Amino acid sequence: MFIEYIKFFTTFAAVFFLPGFSLLYLFRRSLKLTTIEYLVLSAGVSISVVNLVILALNKLGWPFTAGNLANALFLAAALPFVFSTFPSWKTFLPDKKSAKEDDKTETEPESTTKDFSVIPMNKAAFVSGLVLLAILFLVVTRFLATDIVPNNTDLGHHMYWAEIMRTEQKIPNYDTDEVIVGEHIPFMVVAAITKISLLSAFPVIMLFFFNVLGIMAIYALALRIFRSHFIAWTSLAFTGVLYAISAPMGKFVVGGVVGNIFGNLFIPLIILTFLLSISNKKSEMLCLSIFLLQGIFYIHHLSTFLLVFIIAGSLLIYGVANIERKSFREKAGNLLKTALSPLPLLAVALFLFTLGYVYIPSYISEDSVTTVAQAPTKDTHLGISLNSFIASTGDWRAALGLMGLIIYVYAASKNRSFSRAGTAAMLSWTLVLLLLGFYPQAFMVDLPSRRVANYLVVPLSILAAYSLALILKTMRSGIERRLASAVMLTLGLSLFLNGYADSLSYYVPQSQAKSAVQVYHASAYLAEKTTEEDIILKDHANITADSWIKFFFLRGYNYLLTRTFDYKYLDPDNSGRETCTREMTIAPDSREGLSCYQKTKTGYVFLKKDYDNFLFDASDNFGKIYENDFIVIYKRLKTS
Amino acid sequence: MPGYNTLIITAIAVFGFFAGLYLFVLEKREQDSSRNMHWSAVYLIDPESSNMNFALENHEGKEMLYVYTIFNKDNNVLSKAEIKLSPGEKKEIEISYPESAVRVQINYNGQEKNLTTKNTVNKIP
C-alpha cells in the first residue's frame, strides 16, 4: 500500500515538473526567475507538454500503455536537457556575465522593467510564508478529509472520461462538448503509470496540489507586480488561507471542478510571463506565454476565453496609458519586435499545427462559438447580483478588494513609479471579470455569470492585500501607536473570523463515504448483471455519488437515463423538455409512466432507498433485485 | 545554506507529501468493507432467471446473524433459516423452492430487507 503512495508522489513529480523544468532550463540564463517561479512555471509548462505529448501519441496511433506514456514523457523531459548541452545552443545563450550586463543595460533606464525585478525574501517574509502555508495545508487537508471517498458530481464525470481513455488507450470519442480532453489526460497518465484506481483519493489529491501551485502562482505574480512580500503573502492568505474552502478553492478541489482549478493556475502564469515579456522584451517569455495559452486551450474553454479578454484589455489599457508618452512608438515597436521574433512565432506555429493536424477540442465547433457569441438570455447568464457576489466572495475580501481597486486606479494614475504594464494587467484582469460577471451584455457574450465571477476572487484577493497593506501603512504612520495596535488587532481578528467562518460553512457535517461505498457496490452489481442493450434509469436528484455509477459501466457518457431535480423539468419556453425520466421514477404505474417505460425500454431502475420506491414495492411490474442500506434496484418484469 | 525560496518549496513538498499520505490512508480505510461501515447488501444472483438464489454481504463491521424467510405468491412461508456472517464475508444461498418462491425477506439486527421476483399476488406488507 505504501509503495503505491510513493509511486504516486514520484510519478506526480516526474510528470508534472520535469518536462516543464527541462524546457525552462534551456533558457535559464535569460529568464531570470526566482525558485518559486521555476516551481509554478515548471508545473504549468509540464501540464501543457503532457497534454501535447498524449495528443501526439494518439495521432500517431500509439496506445496509451504505461510503457509508451513513460517513454514519451521521459523523452519530452530529457530532450531539452540534452539540447541544452549542445555547443551551438551554449553559444546562442548569453553567458552569465553578459547576461548580467544585458540585464543592466536593458532594465535600468526603463522604470517598468525595474518594477518587475525580483526582490529577495527576508527572514520575516519567509517565516510568515511558512506559517501561512502550514495553515493552508492544515485547513484544506482537514476539509478534504471529511469527504475524501470520491462522490462529487463533476469529479465523477471527469474520472469517467479519464477511465475510458485509460481502458481504451486512446482519446475517446467525446459525445458531449461539456468536457475537454485536457481535463482528463493528466489523471489518465498518472492512473496508467501507477496503476492506482481513479476511484480513489488520488484525483482529489492531484487537484489539491494543482490548487496549491495556483495559489503559489498568485503569490509570484503579486510579488512581481507590487514588489512587496507583505502584499504577495497576504494575497496568498486571502485566496488560500482565510477563504481556503470557498469557490474556487477547496470546494472546487473536492468537487472535481478540474477546468477551473487548472484555470486558476494558468491565468496567473500567463499574465506573469506576458508581463515579463513586455517589460523585459524577452521573446522567451512570450514564447512560454503562448505555449501556456495552448495548454489551457486544451483544458478549459472558459479560462481561455477570459484570458483572451484579459490580455486584450491589458494591451488596450497599456496602450492608452502610454499613448501620450514620447516613447510610445518605441514601446509599440519593441512589443512588435518581441512578438515577431523566432521563438514566439515558433510557439504560434506549434499551436496552429496542433490545432490543424493533431487534435481539435470538441468545443471548437461553429455551434459552440455561435452559442457563446450572442446576447445572454438565460437568467443565470444575465449577471450576478452584488449581494450574491459578496456572499460568495466573503464580506471582508469583497470590501477590501473593491476598495483596493479604487485606490489602485487613483494611485497608479498619480504615481509615475507604478509599473504601467503591471497596472494594465491588474486593471484589465479585474475590470474585464467585473463586467463579464455583473454586466455580460456589455460584451455580448453568453456565459454563466456565477462561474465567471468565481474567477474574480483571485484579482480581488490581490487588491484586498494591496488595500490592507495601505491601511496598515497609514495607521502605523498616522495615528498613535497603541491605538494603531488596537485597530490592527481588531482588523486582523475580524478578517480571521470572517474568513474562517466562511471556510467552516463548507465543512460537511457527515462523511458521504458510507453512501458512496454502497453506490459503488450497487453499481458494480448492476454492471455485472446487465449488458449494453439494457436500459437503466438512475435518480440523480437523491443519490449521492450518482455521477460515479457510469464509471462502473463505461458504456457511454449518456448511457444511463437520469431523473434530475424537479426545477430542471420546468419548461417555460415549451421547448419539449423530456419528462419521462421523472414520470418513470415518481409514478411508474401511471399511464404516462407506463408509456415512458414502453417508449424508452427501460429495464432497471436504480433508486435511493426509502425515496420514491414505495410505488415500485407495491407494483406488479417490478421486482426488487438488490438492496443495501442506501440503494435499491428494481427490474422491470412486464413489457406491456 | 539554501535560500528562503528553496526552503519554501521544500516546505510545500513536505506538507504536500504528508497531506497526500494522510488523505490516501484515510480514503483507503473508509472504503475498507471489513471496517465498521454498518451496512449489508442482499441481491439476486441471477436476476434474469426465475429462481431466487440470492447473496448476502456483511459490511456491518462485526459478526451478524441474518434470518431469511422465503415466501410464495400467497405470502405463505416456504422456509426460514438463519446464517452467521463474519465482517466482510459474502455468502450465496440457494433456494430449495425455485418455482414457487417469489419473495425473500432478510432480517438482522432489527432491520429488514426484501428481494422480489415475478408478479406477486399479495403485495409486500
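# Close-up views of a two-chain model

**View 1. Arg577(A) is partly exposed, at 30% relative accessibility.** Everything shown here and in the views that follow belongs to a predicted model. Which residue pairs with Arg577(A) in a salt bridge? The partner is Glu578(A), and the closest N and O atoms of the two side chains are 3.4 Å apart. Glu578(A) is partly exposed too, with a relative accessible area of 34%. If you are meeting such pairs for the first time, the general idea is simple: side chains of opposite charge can pair when their charged atoms come close. Over all chains, the model holds 15 salt bridges, and a few others appear in the next views.

**View 2. A salt bridge links Asp539(A) to Arg563(A).** The closest N and O atoms of this pair lie 3.4 Å apart. Asp539(A) sits in strand 1 (residues 535–539) of chain A and Arg563(A) in strand 2 (residues 561–563) of chain A, so the pair ties together parts that are 24 residues apart in sequence. Are these two residues buried or exposed? Asp539(A) is buried, and so is Arg563(A). Let your eye move outward from the pair, and a network of salt bridges comes into view, linking Asp539(A), Arg563(A), Asp566(A) and Asp612(A).

**View 3. Thr585(A) is a buried residue in chain A.** Find Thr585(A) in helix 28, which covers residues 580–586 of chain A. Thr585(A) counts as buried because its relative accessibility is 1%, and buried means under 20%. Which residues does Thr585(A) touch, leaving out those up to four places away in sequence? They are Leu537(A), Asp539(A), Arg563(A), Leu607(A), Asp612(A) and Phe616(A). Three names here may ring a bell from View 2: Asp539(A), Arg563(A) and Asp612(A) are among the residues of the salt-bridge network.

**View 4. Leu504(A) belongs to a nonpolar patch on the surface.** The patch is formed by Leu489(A), Leu493(A), Phe496(A), Leu497(A), Tyr500(A) and Leu504(A). Together these residues offer about 600 Å² of accessible area. To find your way, look for helix 25 (residues 481–504) of chain A, where Leu504(A) lies. How exposed is Leu504(A)? Its relative accessible area is 46%, so Leu504(A) is partly exposed.

**View 5. Chain A and chain B bury about 4700 Å² between them.** Of this buried area, 70% is on carbon and sulfur atoms. How many residues does each chain bring to the contact? Chain A contributes 62 residues and chain B contributes 50 residues. Three salt bridges are counted between the two chains. The model as a whole scores ipTM 0.92 and pTM 0.91.

**View 6. Asp629(A) and Lys113(B) meet in a salt bridge.** The N to O distance between their side chains is 2.4 Å. Asp629(A) lies in the loop between strand 4 (622–627) and strand 5 (631–636) of chain A, while Lys113(B) lies in strand 7 (residues 111–116) of chain B, so the pair joins two chains. With a relative accessible area of 21%, Asp629(A) is partly exposed, whereas Lys113(B) counts as buried at 0%. Look also for Lys635(A), which forms a salt bridge with Glu48(B). There, the closest N and O atoms are 3.9 Å apart.

**View 7. Chain B has one helix and seven strands.** Starting from the N terminus, you can trace its elements in the order α-β-β-β-β-β-β-β. Chain B has 125 residues, and 45% of them count as buried. Among its contacts between residues at least 6 apart in sequence, 50% join residues at least 24 apart. Chain B exposes about 6100 Å², with carbon and sulfur atoms supplying 50% of that area.

**View 8. Confidence varies along both chains.** Chain B averages a pLDDT of 86, and 88% of its residues score at least 70. Residues 119–125 of chain B have a pLDDT below 50, and this stretch makes 18 contacts in the model beyond near neighbours in sequence. Chain A averages a pLDDT of 87, with 91% of its residues at 70 or above. Where in chain A is confidence lowest, and where is it highest? The lowest mean, 44, belongs to helix 8 (residues 111–115), and the highest, 97, to helix 11 (residues 185–194). Over residues 98–114 of chain A, pLDDT stays under 50, and the model has 21 contacts for them beyond four places in sequence.

Methods:
Residues are numbered from 1 along each chain as its sequence is written. Chains are lettered from A and ligands numbered from 1 in the order in which they are written. This is a predicted model: local features need pLDDT of at least 70, side-chain atom pairs count only at pLDDT 80 or more; totals for chains, interfaces and linings use all residues. Side-chain values use heavy atoms; hydrogens and water are left out. Patches are made of residues with over 30% relative accessible area and no salt bridge: like charges are joined within 9 Å, nonpolar side chains (Val, Leu, Ile, Met, Phe, Trp, Tyr) within 5 Å. Accessible areas come from the Shrake-Rupley method with a 1.4 Å probe; for residues, only the protein chains shown count as cover. A salt bridge is a side-chain nitrogen of Lys or Arg within 4 Å of a carboxyl oxygen of Asp or Glu. Helices (H or I, at least four residues) and strands (E, at least two) are DSSP runs, numbered from the N terminus. Buried means under 20% relative accessible area, exposed over 50%, partly exposed in between (1.4 Å probe, protein chains only). pLDDT is the predictor's confidence in each residue, from 0 to 100. Contact means heavy atoms within 4.5 Å. Buried area is the accessible area (1.4 Å probe) that two parts lose on being put together, summed over both.
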